[in-house]
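Colleague: Please give me a close look at the aromatic side chains. Put them in the setting of the whole chain, and keep it brisk.

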Amino acid sequence: MKKFSVSLTTLKEEFTNTWTLLNDTTLYLQKAGLFNEYEIMLRKWRVLLQKGFKTNSDYGNIKKEIIALRSNLRKEGHDLMIGNMDITVKGFKSDDALKYGFKRAVLYFYQNSILYVTGNANHRDLMREFENRISGGKSFNYRYVHSIWFRWNRNTLEIAGADSEAAEDYEILKDFIEKNRMYTLKRLKNMR
């Protein structure tokens with residue numbers, strides 16, 4: 001009887017591990033706007049997992065397929081570790097944002113990246129520091145610069161425009177973030 005109990009426990013653990021991996025993958029695909037592309041495959045795996053297998057290898061085969069999908073997504077540049085993270089846009093904040101745990105940052109959308117600087121200085125001084133660090137004597141395109149307030153609320157990055165950010169520029173930033181949530185999170189996940 002004890003041998004059966006250990007086997008059943010092992011099966012439950014393998015099921016739980018595989019189910020969790022599938023859920024994490026599904027969540028990422030939803031946030032990345034790729035769910036429809038993989039929906040049939042995800043549903044098939046859920047149905048198979050719910051059948052109740054009798055060996056670890058049954059769960060292991062599904063797990064291998066999920067891992068292969070995740071590996072392919074990584075090769076395409078996806079960061080699946082941010083699947084449990086989110087980003088929201090919170091309007092505008094003034095200097096009292098510090099009381100609510102927000103910090104200052106300047107973002108620069110440069111080629112295929114988002115560069116940033118954070119600090120305690122005001123946004124104008126942060127901009128000068130950033131400009132000196134990035135431009136290196138080259139011209140600095142202010143069209144792609146955004147002064148923001150940010151804070152992490154658990155796993156959610158909250159971004160608000162600073163008073164020095166023009167309303168039109170903030171709308172461009174907001175629109176970009178809404179259309180490119182996972183890309184933006186991937187670039188800003190280490191912002192502190």
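Modeller: Charges come before rings. The protein has 33 positive and 23 negative side chains. Lys and Arg count as positive, Asp and Glu as negative, while His and the chain ends are left out. The centres of the two sets lie 8 Å apart. Each charge is placed at NZ of Lys, CZ of Arg, CG of Asp or CD of Glu.

This is a predicted model, in which local features need pLDDT of at least 70 and side-chain atom pairs count only at pLDDT 80 or more, while totals for chains, interfaces and linings use all residues. Residues are numbered from 1 along each chain as its sequence is written, and side-chain values use heavy atoms, with hydrogens and water left out.

Next, the overall form. The protein holds six helices and five strands. These are DSSP runs numbered from the N terminus: helices are H or I with at least four residues, strands are E with at least two. In sequence order the pattern is α-α-α-β-β-β-α-β-β-α-α. The C-alpha trace spans about 70 × 35 × 25 Å along its principal axes. The radius of gyration is 22 Å, against a value near 16 Å for a compact globule of 192 residues. That radius is taken over C-alpha atoms, and the globule rule is 2.2 Å times the number of residues to the power 0.38.

Of the 192 residues, 34% count as buried. Buried means under 20% relative accessible area, exposed means over 50%, and partly exposed is in between (1.4 Å probe, protein chains only). The protein exposes about 11,700 Å², and carbon and sulfur atoms supply 50% of that area. The areas come from the Shrake-Rupley method with a 1.4 Å probe; for residues, only the protein chains shown count as cover. Among contacts with a separation of 6 or more, 66% join residues 24 or more positions apart. Contact means heavy atoms within 4.5 Å.

Now the rings. A pair of aromatic rings is described by the distance of the centres and the angle of the planes. The structure holds seven aromatic pairs. One of them joins Tyr108 and Tyr110, and it is stacked: 5.6 Å centre to centre, with 25° between the planes. Another links Phe176 and Tyr183, edge-to-face, at 6.2 Å centre to centre and 80° between the planes. Rings of Phe, Tyr and Trp (its six-membered ring) pair if their centres lie within 6.5 Å; planes under 30 degrees apart are stacked, over 60 edge-to-face, and the rest tilted. Ring pairs also link Phe15, Trp19 and Tyr59 into a cluster.

How covered are these side chains? Tyr108 is buried, at 5% relative accessible area. Its partner Tyr110 is partly exposed, at 35%. Phe176 is partly exposed at 25%, and Tyr183 is partly exposed at 26%.

Stay with Tyr108. Tyr108 sits in strand S2, residues 103-110. Beyond its neighbours within four places in sequence, Tyr108 contacts Ser113, Ile114, Leu115, Phe130, Ile134, Phe140, Asn141, Tyr144 and Val145. Leu34 lies 74 residues away along the chain from Tyr108, and their C-alpha atoms are 27 Å apart.

Ahead of S2 comes Gly101, in the loop between S1 and S2. Gly101 is partly exposed, with a relative accessible area of 41%. Leaving out residues up to four places away in sequence, Gly101 touches Phe150 and Arg151. Met191 is 90 residues from Gly101 in sequence and 14 Å away in space, C-alpha to C-alpha.

Back to S1 itself. Thr88 is found in strand S1, residues 86-93. Thr88 is partly exposed at 25% relative accessibility. With residues up to four places away set aside, Thr88 touches Thr156, Leu157, Glu158 and Ile159. Strand S5 spans 156-162. Arg70 is 18 residues from Thr88 along the chain, yet their C-alpha atoms are 25 Å apart.

Strand S4 (145-153) and strand S5 are joined by a loop that holds Arg154. Arg154 is exposed, at 77% relative accessibility. Most residues other than glycine have a negative phi. Arg154 is not a glycine, but has a positive phi of about 60°.

Last, helix H5, residues 167-179, which includes Asp175. Asp175 is partly exposed, at 36%. Asp175 and Val89 are 86 residues apart along the chain, with C-alpha atoms 9.7 Å apart.
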